[in-house]
Amino acid sequence: MTLEPIVTLLPNSIIALAFLATTSLMAIFFAYIHSIKRQNYLLLWMAAWACLALHYVGPALGQLLPLATLEALNRWLYCVAGIFFFLGAQRYARREPWVVPAVVTAAVLGLWSLANAVH
């Protein structure tokens, strides 16, 4: 029995932990700025960074949790982060956000990730 699989997985989990930490700090930063300025787009961007941070939890804890069960959730959180960034950009441009298409898109992408995970 060799330690090669453990050694090759270790740097990936460290990188995922670093991404988890930085994206969490970005979410906290936008939450802080939202508490000062009270602009809705900042809240949406904070939610996007939080979804992106949660996306990195699975790869960071990949050795402790079964990866197959988290893969669908990771993909869906990555997609939802993009949707939140888009809605935040719409609010920043003083446009009415496309809430219903965003919810439908998130649901379709959730079903797609689940179907892709079970093959």
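N116 lies in helix α5. Let me start there and work outwards. N116 is partly exposed, with a relative accessible area of 32%. Here are the cut-offs: buried means under 20% relative accessible area, exposed means over 50%, and partly exposed is in between, with a 1.4 Å probe and protein chains only. N116 also has a partner far along the chain. A72 sits 44 residues away in sequence, yet the two C-alpha atoms are separated by 7.4 Å.

A word on what you are looking at. This is a predicted model, where local features need pLDDT of at least 70, side-chain atom pairs count only at pLDDT 80 or more, and totals for chains, interfaces and linings use all residues. Residues are numbered from 1 along each chain as its sequence is written, and side-chain values use heavy atoms, with hydrogens and water left out.

Now the whole chain. How many helices and strands are there in the protein chain? Five helices, zero strands. Helices (H or I, at least four residues) and strands (E, at least two) are DSSP runs, numbered from the N terminus. So the order of elements reads α-α-α-α-α from the N terminus on. The chain has 119 residues, and buried residues make up 29% of them.

Back to α5. It covers residues 99-117. Its 19 residues should span 27 Å at 1.5 Å a residue, and its end C-alpha atoms are 27 Å apart, which agrees. The expected span is 1.5 Å times one less than the number of residues.

Which residues of α5 are buried? A102, A106 and S113. They cover an arc of only 40° around the axis, which puts them on the same side of α5. That arc is taken from the directions from the helix axis to the C-beta atoms. Here is the background: an α-helix has 3.6 residues a turn, so residues three or four places apart point the same way.

Now turn the helix round. The face of α5 turned away from its buried side carries the exposed residues V100, V108 and L111. V100 counts as exposed because its relative accessibility is 61%. V100, V104 and V108 make a nonpolar surface patch of about 280 Å². Patches have a rule too. They are made of residues with over 30% relative accessible area and no salt bridge; like charges are joined within 9 Å, nonpolar side chains (Val, Leu, Ile, Met, Phe, Trp, Tyr) within 5 Å. A salt bridge is a side-chain nitrogen of Lys or Arg within 4 Å of a carboxyl oxygen of Asp or Glu. The areas come from the Shrake-Rupley method with a 1.4 Å probe, and for residues only the protein chains shown count as cover.

One more residue in α5 is V99. V99 is partly exposed, at 47% relative accessibility. Its C-alpha atom is separated from that of I83 by 9.7 Å, and the two are 16 residues apart along the chain.

Next, helix α2, residues 40-55. It has 16 residues and reaches 23 Å from first C-alpha to last, close to the 22 Å expected at 1.5 Å a residue. Its buried residues include W45, W49 and C51. A50 is in α2 as well. A50 is partly exposed, at 26%. A50 and S24 are 26 residues apart in sequence, but 6.3 Å apart in space, C-alpha to C-alpha.

Then helix α1, residues 4-37, which holds A21. A21 is partly exposed, with a relative accessible area of 40%. From A21 to V57 is 36 residues along the chain, and their C-alpha atoms are separated by 9.9 Å.

Cysteines next. C51 is buried, at 11%. C79 is partly exposed, at 21%. How many disulfides does the rule count? Zero. The rule asks for a pair of cysteine sulfur atoms within 2.5 Å.

Last, the backbone. Most residues other than glycine have a negative phi, and most peptide bonds are trans. Look at R38, in the loop between α1 and α2. Its phi is positive, near 55°. R38 is exposed, at 58%. R94 has a positive phi too, about 60°, although it is not a glycine. R94 is found in the loop between α4 (67-92) and α5. R94 is exposed, with a relative accessible area of 74%. And H119, which follows α5, has a positive phi near 65°.
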